[in-house]
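These are my notebook entries on a single structure. I set down what I looked up, entry by entry.

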Amino acid sequence: MKDAGPRAASYDTVVIGAGLAGLTAGLRLADEGRRVAVLAKGVGATHLAPATIDVLGYADGPVDSPARALPEFTAANPDHPYRRLPVELLRASLDWFKARLGDHGYRGCLDENFLVPTAIGVAKPTTLVPETMAAGDLRRGGRFVFVGLRGLKDFFPAYLADNLARASLPEGTTVISRVVELAPPLGDARDVSAAGFARRFEQAEFRESVLVELGRRLMPGEIVGFPAVLGLGRAQEIWRELETRLGHPVFEVPTLPPSVPGIRLFETMTTALRHEGARLVVGSTVAGAESRGERLEGVVTDTAGRPLTYRARSFVLATGGFASGGLELDSTGKIRETVFDLPVRIPGPNGPLFQTAYFDEHAISRAGLVIDEKMRPVNGNDGPVYENLHAVGASLGGAVPWREASGNGLSLASGYAAASAILEMH
């Protein structure tokens with residue numbers, strides 16, 4: 001039988017990557033009635049990171065208000081992607097996100113950061129938090145009790161509480177913390193993952209055992225911090241039940257990866273995408289591209305059968321940085337973007353990619369794509385590489401998200417901005 005050749009499918013926009021940036025761009029476009037396909041080789045960084053939205057947590061110290069800090073921050077960092085994402089666009093992206101993910105009850109705004117405890121007891125500034133984490137805001141101080149669950153290897157409440165006692169907090173803020181270790185029924189299991197505990201919390205009998213054992217060990221006025229395993233699809237319902245029956249404020253603390261809140265976020269956004277008629281293809285690697293002049297015509301994916309070409313009027317690159325394989329460093333020290341071989345730049349003067357100490361400012365950490373005002377990767381001073389290709393998220397150069405606490409904020413805002421640019425162009 002004669003081979004029919006590569007198959008093809010046509011869309012308004014093809015998004016490559018299913019992290020927060022790609023899902024934001026895809027969902028916003030789908031909401032506007034555009035035919036969208038999201039192609040991804042995996043589930044993105046949502047499963048690794050807490051579901052908080054960190055816009056700007058640190059800039060010469062902790063940031064109290066991203067809105068106030070951003071103008072000075074971008075002036076001091078002219079190559080940062082936030083230079084292309086003005087404060088009003090950031091506000092609009094946060095408002096859209098809170099409204100679109102209403103079931104998560106996100107709280108916060110650009111004018112002030114929460115201070116929430118991390119899994120290792122750091123008081124971390126962040127802009128938006130799910131409702132299930134809001135009671136953990138340390139700015140008000142208080143008496144906290146952190147709940148350990150026997151068999152959960154990814155949460156160490158004693159370590160958290162000990163570090164929190166030494167955490168840097170606003171002047172006049174007092175935090176007192178202690179630990180309660182519970183031994184809920186696990187059957188024959190000895191070690192249970194965070195997702196495994198989340199499934200157990202959706203069982204009424206399991207919750208009852210936790211409530212009975214914990215309720216008699218709490219003291220008046222305490223705020224109760226659980227590891228972030230209070231269910232997968234019913235987290236808010238379970239959180240409200242625990243608060244009501246314990247008679248104490250309850251909040252979730254992120255665990256080490258995998259992130260249950262991140263899984264919830266991914267499931268909510270991908271479900272919404274499918275509901276709006278978008279196509280999500282996970283396990284699909286883009287292996288080539290078709291172009292005509294300055295326009296990208298299609299991308300080619302490897303499938304189990306034969307190559308499939310996805311054609312579209314616009315494309316969004318959301319493959320991330322080094323951690324997710326969107327950027328690669330070869331043995332000769334050359335950095336390349338892995339899908340379209342786009343030009344990668346390291347801002348600042350030429351020098352070594354790495355410094356000697358682990359926490360030094362490494363030049364390679366700022367490597368990435370340079371974009372124009374429409375979020376299109378550019379080639380030096382020659383304008384966009386492709387007039388209909390936009391780049392978002394961790395593939396953008398000039399940021400150091402782990403140091404700035406800006407990763408999810410940058411992903412959300414850039415995905416929102418790319419969708420805005422596409423909607424204006426088409």
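In which loop is Pro258 found? I located Pro258 in the loop between β8 (250–253) and α8 (260–275). I note at the outset that the model is a predicted one.

**Entry 1. Backbone geometry**

I began with the peptide bond from Pro257 to Pro258, which is cis, with omega near 5 degrees. I recorded it because most peptide bonds are trans.

I then looked for positive phi values outside glycine. Asp341, which is not a glycine, has a positive phi of about 55 degrees. I placed Asp341 in the loop between β14 (335–337) and β15 (389–391). With a relative accessibility of 49%, Asp341 counts as partly exposed, since the exposed class begins over 50%.

Ala405 also came up, with a positive phi near 55 degrees. I found Ala405 in the loop between α9 (401–404) and α10 (407–425). Is Ala405 buried or exposed? Its relative accessible area is 8%, so I entered Ala405 as buried. I kept both entries because most residues other than glycine have a negative phi.

**Entry 2. Strand β2**

How many of the five residues of strand β2 are buried? I found that five of the five, residues 36–40, are buried, so the strand is largely enclosed by the rest of the structure. I then sorted these residues by face. Val36, Val38 and Ala40 lie on one side of β2, Ala37 and Leu39 lie on the other, and all are buried, which leaves both faces covered. The sorting follows a general pattern, because side chains in a regular strand alternate between the two faces of the sheet.

Next I looked up the pairing of β2. Four bridges join β2 to strand β9 (residues 279–282), and the two run parallel. Within this pairing, I noted Ala40 opposite Val282 of β9.

**Entry 3. Helix α6**

Helix α6 covers residues 204–215 and has 12 residues. I checked its span: the distance from the first C-alpha to the last is 16 Å, close to the 16 Å expected at 1.5 Å a residue.

Which residues of α6 are buried? I listed Phe206, Arg207, Val210, Leu211, Glu213 and Leu214. I then looked up their surroundings. The buried residues of α6 pack against three strands, β5 (142–149), β6 (175–182) and β7 (222–227), and against two helices, α5 (194–201) and α7 (235–246).

**Entry 4. Surface patch and Pro170**

I looked up a nonpolar patch on the surface, formed by Ile120, Val122, Phe156, Tyr159 and Leu256. Together these residues have about 440 Å² of accessible area. I placed Tyr159 in helix α4 (residues 157–164). Tyr159 counts as partly exposed, at 47% relative accessibility.

I then turned to Pro170, in the loop between α4 and β6. Pro170 counts as partly exposed, at 35% relative accessibility. I also read off a C-alpha separation of 20 Å between Pro170 and Val145, which are 25 residues apart along the chain.

**Entry 5. Salt bridges**

How many salt bridges does the count come to? I recorded 28, taking a side-chain nitrogen of Lys or Arg within 4 Å of a carboxyl oxygen of Asp or Glu as the criterion.

I examined one pair, Arg100 and Glu276, whose side chains meet in a salt bridge at 3.6 Å, N to O. This pair links distant parts of the chain: Arg100 belongs to helix α3 (residues 87–100) and Glu276 to the loop between α8 and β9, 176 residues apart. Arg100 counts as partly exposed, at 26% relative accessibility, and Glu276 counts as partly exposed at 32%.

I next looked up Arg166, which forms a salt bridge with Asp162, the closest N and O atoms being 3.2 Å apart. Arg166 is exposed, at 58% relative accessibility, whereas Asp162 is partly exposed at 41%.

In the salt bridge between Asp372 and Arg376, the closest N and O atoms are 2.9 Å apart. Are its partners buried or exposed? Asp372 is buried at 7% relative accessibility, and Arg376 is buried at 10%.

As a last item, I noted a network: salt bridges that share partners join Glu112, Asp137, Arg139 and Arg140.

Technical notes
Residues numbered from 1 in each chain as written. Predicted model: local features only at pLDDT ≥ 70, side-chain atom pairs only at ≥ 80, totals over all residues. Heavy atoms only, no water. Buried < 20%, exposed > 50% of the residue type's maximum accessible area, 1.4 Å probe, protein only. Pairing = 2+ DSSP bridges. Expected span 1.5 Å × (residues − 1). Contact = heavy atoms within 4.5 Å. Patch = residues over 30% accessible without salt bridge, like charges linked within 9 Å, V, L, I, M, F, W, Y side chains within 5 Å. Areas by Shrake-Rupley, 256 points an atom, 1.4 Å probe, with all protein chains shown as cover.
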